[in-house]
Amino acid sequence: MEKRLDRSDSKNRKKNTFGKKNVFGGIFKKAAVLALTGCMVFGLAACGGKSSSKNTADDDTLVVGFDQNFPPFGYKDDDGNFTGFDLEMAKAAAKKMGMKVKYQPVDWDAKDMELDAGTVDCLWNGFTINGREKQYTWTDPYMDNSQVVVVRKDSGIKDLSGLAGKTVEVQKESSAESALNDDDHKDLKASFKDMLTVADYNTAMMDLEQGSVDAIAMDIFVAKDQIKGKEDTFQILDDQISTEQYAVGFKKGNTKLRDKVENAMKELVKDGTFEKLSQKYFGTNVCILQAD
């Protein structure tokens, strides 16, 4: 903190010492300005600049950004531990690379900020490539996905045309939101009474159960997980909004870490780990990644 000069003390200085003190004072001021400038530059680099120590293949910890309310890809289990298909894949890949893994929950609508700031090294959580091809550096896709609609069984909604005049909910910044905002689906969206956004699909399912909304658009594997054990209450429409693919996303240009992770993923395909985890979470092998 800069000290304030005591003006009353300055006035009481003797005139015969003014010249001497002014010389030394000038030297002191110049030194102080240089020091302050150096501190400001350092501070800006440390606080305002983006860290170059993150998002590299040289760190010993892979920090994975994910949505903790996106089962079965990333979520908290009954013991409060982070788990899920993508998180277990990330842990296995990190082990192949000789790295530790750290799971970092992020607000999905703030994922780009987290990635740019270096808070996370990658986004690995049912992350759709389609429509985002130029925004990130991607691994090869590892599984197919589609956007579907969940409704209450007693809603009378049988297909996408039945959504006319209905309130549809999507997760903010999700692939479902992107798909419905696409020109290919402008007529479908225009038929809705309203399209609302919500922070996560757990909240969306509560809204649907309470009748606050009529339908939810979401990833098919998330939809299957959300209605598991509740098939008497909810159903997934047969009509699909869109099809897409999942991959791991990195900060644009970070090919070094991308290559390292992708090679590790291909090793998981070769040794059967991918299929084992796939069977555990989906009951089938969803892998589309080709091992070299």
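This report walks through a predicted model, from one central strand to its backbone oddities, cysteines, empty spaces and aromatic rings.

## Strand 8 and its partners

Let's start with strand 8, which runs over residues 143-152. It is mostly covered, with 8 of its 10 residues buried. Strand 13 (residues 242-246) pairs with strand 8 in the antiparallel sense, and that pairing is made over 5 bridges. If you want a spot to look at, try Asp144, which stands opposite Gln245 of strand 13.

Strand 8 has other partners too. Strand 11, covering residues 215-219, is antiparallel to strand 8 and pairs with it over 5 bridges. There, Gln147 has Asp219 of strand 11 as its bridge partner. Strand 12 (residues 234-236) also pairs with strand 8 in the antiparallel sense, over 3 bridges. For that pairing, look at Val150, whose bridge partner in strand 12 is Ile236.

## Two backbone details in loops

Next, the backbone. The peptide bond that leads from Pro71 to Pro72 is cis, and its omega is near 10°. Pro72 sits in the loop that joins strand 2 (69-70) to strand 3 (74-76).

Glu173 is the other residue to check here. Its phi is near 65°, a positive value even though Glu173 is not a glycine. You'll find Glu173 in the loop between strand 9 (167-171) and helix 5 (175-181). With a relative accessibility of 35%, Glu173 counts as partly exposed.

## Cysteines

How many disulfides does a search of the whole structure find? The count is 0. A disulfide is a covalent bond between the sulfur atoms of two cysteines, and the test used here asks for a pair of cysteine sulfur atoms within 2.5 Å.

As for individual cysteines, Cys122 is buried, with a relative accessible area of 0%. Cys287, on the other hand, is partly exposed at 22%.

## The cavity

Rolling a probe the size of a water molecule over the atoms shows where empty space is left. The structure holds 1 cavity of 30 Å³ or more. The largest cavity has about 80 Å³ of space in it.

Several residues already mentioned, or about to be, turn up in its lining. Asp219 is one of the lining residues of the largest cavity, and Asp219 is also the residue in strand 11 that bridges to Gln147. The lining also includes Trp108 and Phe127, along with Phe70, Asn125, Arg132 and Gln171. By class, the residues around the largest cavity divide into 3 nonpolar, 6 polar and 3 charged.

## The second largest pocket

The second largest pocket holds about 280 Å³ of space. It is lined by 17 residues, and those nearest its centre are Asn130, Gly131, Ser175, Ser178 and Ala179. Ser175 appears in the lining of the largest cavity as well.

Which elements each supply at least two residues of this lining? They are helix 4 (111-117), helix 5 and strand 13. The lining of the second largest pocket breaks down into 2 nonpolar, 8 polar and 7 charged residues.

## Aromatic contacts

There are 18 aromatic pairs in the structure. In one of them, Trp108 and Phe127 meet edge-to-face, at 5.4 Å centre to centre and with 80° between the planes. Trp108 lies in the loop between strand 5 (100-105) and helix 4, while Phe127 lies in the loop between strand 6 (122-123) and strand 7 (137-138), so the pair ties together parts that are 19 residues apart in sequence. Trp108 is buried, with a relative accessible area of 8%, and Phe127 is buried too, at 0%. The ring of Phe127 also pairs with that of Tyr136: the centres are 5.1 Å apart and the planes are at 75°, so this pair is edge-to-face. Tyr136 is likewise buried, with a relative accessible area of 4%.

Elsewhere in the aromatic picture, one cluster is formed by Phe70, Phe73, Phe85, Tyr142, Tyr201, Phe221, Tyr246, Phe274, Tyr281 and Phe282. Phe70 from this cluster is also among the residues that line the largest cavity.

Note on methods
Residues are numbered from 1 along each chain as its sequence is written. This is a predicted model: local features need pLDDT of at least 70, side-chain atom pairs count only at pLDDT 80 or more; totals for chains, interfaces and linings use all residues. Side-chain values use heavy atoms; hydrogens and water are left out. Buried means under 20% relative accessible area, exposed over 50%, partly exposed in between (1.4 Å probe, protein chains only). Helices (H or I, at least four residues) and strands (E, at least two) are DSSP runs, numbered from the N terminus. Two strands pair if DSSP finds at least two bridges between them. On a 1 Å grid over the protein atoms alone, a cavity is a set of points where a 1.4 Å probe fits but cannot get out, and a pocket is an open set with protein on both sides within 12 Å along at least five of seven lines; lining residues have an atom within 4 Å of a point. Grid points are joined across faces, edges and corners, and a volume is the space filled by probe spheres set on the points. Ala, Val, Leu, Ile, Met, Phe, Trp, Tyr, Cys and Pro count as nonpolar, Asp, Glu, Lys and Arg as charged, and the others, Gly among them, as polar. Rings of Phe, Tyr and Trp (its six-membered ring) pair if their centres lie within 6.5 Å; planes under 30 degrees apart count as stacked, over 60 as edge-to-face and the rest as tilted.
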